[in-house]
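Trainee: I have a model open and would like to learn how to read it. Could you walk me through it, one feature at a time?

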Number of protein chains: 2
Amino acid sequence: MSIRHGLLALLEHGPRYGARLRSELESRTGATWSLNVGQVYTTLNRLERDGLVVQDGEDSSGHALYRITEEGRSELDSWFRSPVDRSNPPRDELAIKLAMAVNAPGVDVRDVIQLQRHHTLRAMQDYTRLKAGTPEPPPDRPEEMAWVLVLEQLIFQTEAEVRWLDHCEARLVRMAAAAGTRQAEAGTRQDPADDGTPRGRSRRASRSR
Amino acid sequence: MSIRHGLLALLEHGPRYGARLRSELESRTGATWSLNVGQVYTTLNRLERDGLVVQDGEDSSGHALYRITEEGRSELDSWFRSPVDRSNPPRDELAIKLAMAVNAPGVDVRDVIQLQRHHTLRAMQDYTRLKAGTPEPPPDRPEEMAWVLVLEQLIFQTEAEVRWLDHCEARLVRMAAAAGTRQAEAGTRQDPADDGTPRGRSRRASRSR
DNA sequence: CCGAGTATGTATACCAGGTATGTTCGTGTC
DNA sequence: GACACGAACATACCTGGTATACATACTCGG
């Protein structure tokens, strides 16, 4: 739904043709979210199908212009007036990966964390470098302003990811220590039924139930 | 790609049937990312098509069991051994919305920010409350462990979003002040050509170029 | 001036994720 | 025995993401 509304928002500044929408949207998000060309046209078609937009005449150069309709305007308005739903957030691949790595046979979660941490930090550096090369936001340049905000969003999110990874590692270390002492204390069960956590490289072809 | 690999990872613990995969995946992510039933089956079909999985016999109750293949195992392995790419992150609807709100006619960015801030904070409270109700992670319960990590990821991300929103507002206030003084100083241009930023609720039907 | 290469603008096909809905089948209840 | 219900499975449809085809225009070297 983000592209749909993004295009609508751009069209409220006046009629545009496809390629221009693409470039305007990109100039607002920097190169970070390069929008594939085709998506603009398919999305425009869907918008037209839903009556939020109409194809309306041509450019001086013959480009087909799209114009926002009243219905589109009200749709856009209600988009701005309602928050993005954070109560069921999009799936995050990294979170799923860690959740799986916790007890995957032959996988050490801490390796996964370290690997990712390194990669994410690198991305972070790229972003901060990018930001350092960007002048302080110009008050009358909405496009550049927008792109700075987007960039900062990426920085905030990325930093949070690093902190989360560190947190995970600390927690796992703490847990491993606890499990270690417990095992040393009482020599408890090693391989409970099927879904125990095989530490190390056991990789059995378990097959049960 | 996250569901694909998530299912593969579960199958490495042994053959499973569709519905069981669904429930196991959900128990690792809590109710936060409830996986639609149909997606499991379509994904399994694709996995089978790609040779990462085979349908292999039946349950005692007649459920069709899927088993991971060697190819699937190596695919999974390379997933765990390579980081999630953060150099071109997924589009974030909120970031796009703010980027658009910056100069959308008839929209005050700060309203959008405040609205979202409120909503995001509420989500944050839900998460922390959920976490408070969860006992400290049990060392030998990988599923619960995984779900705690996922929950904490959500908390970290959500918190970062709130901080970003605050940062945006501060920046916009600062910017508005700067623009204000500049205007007071020199009485500069109010509506540059087409893409100026109409402050307040002007909502003109702009149509230009 | 012409033709090759490149940029711009448009269109289409395909894949994956997300959601809703439909179907079958067994079980339990009145 | 009819019915309701839940579990397991299947399908249709929409959106987002990516690659690619294709036409036109522009440019640059011969």
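**Reading the protein and its DNA**

Mentor: Happily! Let's begin with burial: in chain A, 48% of the 209 residues count as buried. Keep in mind that this is a predicted model.

Trainee: How many helices and strands does chain A have, and in what order do the elements run?

Mentor: Chain A has seven helices and two strands. Starting at the N terminus, the order is α-α-α-β-β-α-α-α-α.

Trainee: And what share of the accessible surface of chain A belongs to carbon and sulfur atoms?

Mentor: Carbon and sulfur atoms hold 50% of an accessible surface of about 10100 Å². For contacts within the chain, look at sequence separation: among those with a separation of 6 or more, 54% join residues 24 or more positions apart.

Trainee: Now the DNA. Which residues come nearest to DNA strand C?

Mentor: A residue is counted here if one of its heavy atoms lies within 4 Å of the strand. For DNA strand C there are 18 such residues, and Val37(A), Tyr41(A), Met1(B), Gln39(B) and Arg46(B) come nearest. On the DNA side, 65% of the strand C atoms within 4 Å of the protein are sugar and phosphate.

Trainee: Which elements supply the surface near DNA strand C?

Mentor: Both chains take part: α2 (18-29) and α3 (37-49) of chain A, and α1 (2-11) and α3 (37-49) of chain B, each give at least two residues. By class, that surface has seven nonpolar, eight polar and three charged residues.

Trainee: Where do polar atoms meet strand C: at a base or at a phosphate?

Mentor: You can find each kind. The side chain of Tyr41(A) places a polar atom 2.8 Å from a phosphate oxygen, and an N or O atom in the Arg49(B) side chain is 3.2 Å from a phosphate oxygen. For a base, look at Asn36(B), where a side-chain N or O atom is 3.3 Å from a base nitrogen.

Trainee: What would I find around DNA strand D?

Mentor: There, 19 residues surround the strand, with Met1(A), Gln39(A), Arg46(A), Arg49(A) and Tyr41(B) nearest. The surface draws at least two residues each from α1 (2-11) and α3 of chain A and from α2 (18-29) and α3 of chain B.

Trainee: And which polar contacts does strand D have?

Mentor: Among them, a side-chain N or O atom of Tyr41(B) is 2.9 Å from a phosphate oxygen, and a polar side-chain atom of Asn36(A) lies 3.4 Å from a base nitrogen. Gly18(B) uses its backbone: an N or O atom there lies 3.4 Å from a phosphate oxygen.

Definitions and conventions
Residues numbered from 1 in each chain as written. Chains lettered and ligands numbered in written order. Predicted model: local features only at pLDDT ≥ 70, side-chain atom pairs only at ≥ 80, totals over all residues. Heavy atoms only, no water. Polar contact = N/O pair within 3.5 Å; in protein donor to acceptor, adjacent residues only side chain to side chain. Helix = DSSP H or I, 4+ residues; strand = E, 2+ residues; numbered from the N terminus. Nonpolar A, V, L, I, M, F, W, Y, C, P; charged D, E, K, R; others polar. Buried < 20%, exposed > 50% of the residue type's maximum accessible area, 1.4 Å probe, protein only. Contact = heavy atoms within 4.5 Å. Areas by Shrake-Rupley, 256 points an atom, 1.4 Å probe, with all protein chains shown as cover.
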